[in-house]
Structures are given as structure tokens and as C-alpha cells.
Amino acid sequence: MMARPDAFLSRLERFGSIESTQPVVREWLEAGVPEVAVAVADEQTMGRGRQGRGWSAPPGTALLASAGFRPQNIQLGHAWRLAAIVALAMADAAEEVAGLKDATIWLKWPNDLVADAPDGRLVKLAGVLGESTSDGASGLVTTAIIGIGINADWPAGAFPPELRDSMTSLRELLGGRPIDRDALLDAWLARLEPRYEALRDGHFDAGGWTARQRTTGHGVEVDTGGSILTGTGVGVDPESGALLVRGRDGATQPVGSGEVVRCRVMTGNLSWR
Ligand code: BTN
């Protein structure tokens, strides 16, 4: 199916089983499709995650989508903001479609959507993968493909055993109630549009991005690509996109790339819904 459903989207195509939505959108952009072009799959046989990892979900249990942009005025150093707005739009959409309380869904830097487990661990609900190209001369992003996979209608009984303790789904956050992935897709696109228009106009929702960060105020261990930095998350830098970690020596260090491998929140007020 191919459609031009509104002025925001140039193309929205749904697939059954494909390798990955990322190369589909890459090919579209290379063929000259205007922005914003979105591919959605029921199943990916070679889904891609960050840092060379895979990403898989049983057919029909997750919303798996990639959005292709041609932003024109975003500096390469701000390309991460495209991934951030995709994640923020999905966090808002998921809370609304699932009828969850505000602040049930958080971000774990850089762009994971997470929820609190009853014991204070963070469990992953969604991941975001950003790929961009730039025009070397101008230093601007020319194209970007932002993929997001959110565990939607996936019952815990079908979680892979090795991930059972570290993942969740919207269905589980709702105590087993089914989730409508089409409604989630529509809600996500509706929230992405104003966020993208603002970004194109030079406005990034730094406050919203900062407020969603679950690591702020909590102990973290961050794999910075070889070494582990242990400290307290003290925020994020909306200019560089870095995670800010105060180490044991009291100094705050910006982490530009890496992965939060451990974070436990102790609020005394943890619940699933
Ligand atoms: C992560 O490692 O957390 C990022 C996962 C990104 C997965 C999504 S699913 C839709 C899109 N297509 C892919 O192959 N990957 C992204």
C-alpha cells in the first residue's frame, strides 16, 4: 500500500514481513522521495539495533517503523535531536493510547523508552536507531532515517527468556490488556509532526527531553566504549546531546556516546500503572 495521507507524510507504506524498515527508507530517499517517508513492518527478519545489535519481535507484537527526513537546516552535531523527537513523540503517544499515567514512560539516554520495574530496575519498552548523511561542505544533515521499535501487544509469556528481566511492553504495563498498533502509529505521527516542524524552525524541546530522562538523580553505570563510568546522572546537555554524569570525584563528565548499562531508581513510589 502506498499513500500520501496528509501534508506531513509524503509516503506511508506498511509491510508484512521484511528484513528491516531502515534500508527500505534509505532506498526511498536515495530514489528522491520527499520527506517525511515512513515504512512500517509487522515483522522484521533482520531488524537492526544500536551498536551493531539485532532487533527482533514476534510478528504483530511490536510497532516497527522508520521515518525518513530531509531536514535542510539541522547541523550534523544536532542530528541526534531527530532521534530525540521521534522518541519523545512515541512516549507521548504511548502514554495516551495506552491510557497510562503521565511519567510512566521515561527516556534512558540516549533514546530508549523505559519504564520502572517494581524493584527499581529500568525495563526497556522501545529503542531508537538513527542513521544520517551529511553534506560535508555545509555541515548540515541531508537525510536521516530514524527507526523505532516499540514493544506493543507483546505478552510477557512470549518474551525471550534472556530478555525477560530487562524488557517490557505496553500490554504488560497495562496488566495484559491488548494494544492497538494502528492507533499507536497514528498517535505517534500526530505528535511527531509538530515536533519536527518546530525542529525545522530551529526549536528543540530541550525542556521536554530533559524532563523525561530517568537517569537524572540516580546512580548509573555507563559503558563509554571500553570503560565503565560509575556515578550519578545529573542531566543531559541539550546542545551536544551528551549524558551528564557526576563521578565519585565530584566532577561532572559529559558522555557523548555509549550506553547506560545500569540504573536503578529508588523513589519509594513505584508501580506499573
Ligand atoms: C536499539 O538498539 O535500541 C534500537 C532498536 C531500533 C529498532 C527499530 S525497529 C524499526 C527500525 N528497523 C530496524 O531494523 N531497526 C529499527
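How many positive and negative side chains does the protein have, and how far apart do the centres of the two sets lie? There are 27 positive and 34 negative side chains, and their centres lie 4 Å apart. Here Lys and Arg count as positive, Asp and Glu as negative, while His and the chain ends are not counted. Each charge is placed at NZ of Lys, CZ of Arg, CG of Asp or CD of Glu.

This is a predicted model, in which local features need pLDDT of at least 70 and side-chain atom pairs count only at pLDDT 80 or more, while totals for chains, interfaces and linings use all residues. Residues are numbered from 1 along each chain as its sequence is written, and side-chain values use heavy atoms, with hydrogens and water left out.

**Whole chain**

Start with the C-alpha trace. Along its principal axes it spans about 50 × 45 × 30 Å. The radius of gyration is 18 Å, in agreement with the value near 19 Å for a compact globule of 273 residues. That rule is 2.2 Å times the number of residues to the power 0.38, and the radius is taken over C-alpha atoms.

Switch to the cartoon. Five helices and 12 strands appear. They are DSSP runs, numbered from the N terminus: helices are H or I with at least four residues, strands are E with at least two.

Now think of burial. Buried residues make up 49% of the 273. Buried means under 20% relative accessible area, exposed means over 50%, and partly exposed lies in between (1.4 Å probe, protein chains only).

**Helix H2**

Select residues 80-98. This is H2, with 19 residues. From first C-alpha to last it reaches 27 Å, close to the 27 Å expected at 1.5 Å a residue. The expected span is 1.5 Å times one less than the number of residues. Of its 19 residues, 16 are buried, so H2 is largely enclosed by the rest of the structure. Step on to Gly99, just after H2. Its phi is positive, about 65°.

**Two loop residues**

Select Thr61. It sits in the loop between strand S2 (37-44) and strand S3 (62-69). Is Thr61 buried or exposed? Thr61 is buried, with a relative accessible area of 9%. Leaving out residues up to four places away in sequence, it touches Asn151, Ala152, Asp153, Trp154 and Arg181. Contact means heavy atoms within 4.5 Å.

Finish at Gly226, in the loop between strand S8 (219-223) and strand S9 (228-236). Gly226 is exposed, with a relative accessible area of 75%. Add Gly258 to the selection. The two glycines are 32 residues apart in sequence and 9.2 Å apart in space, C-alpha to C-alpha.
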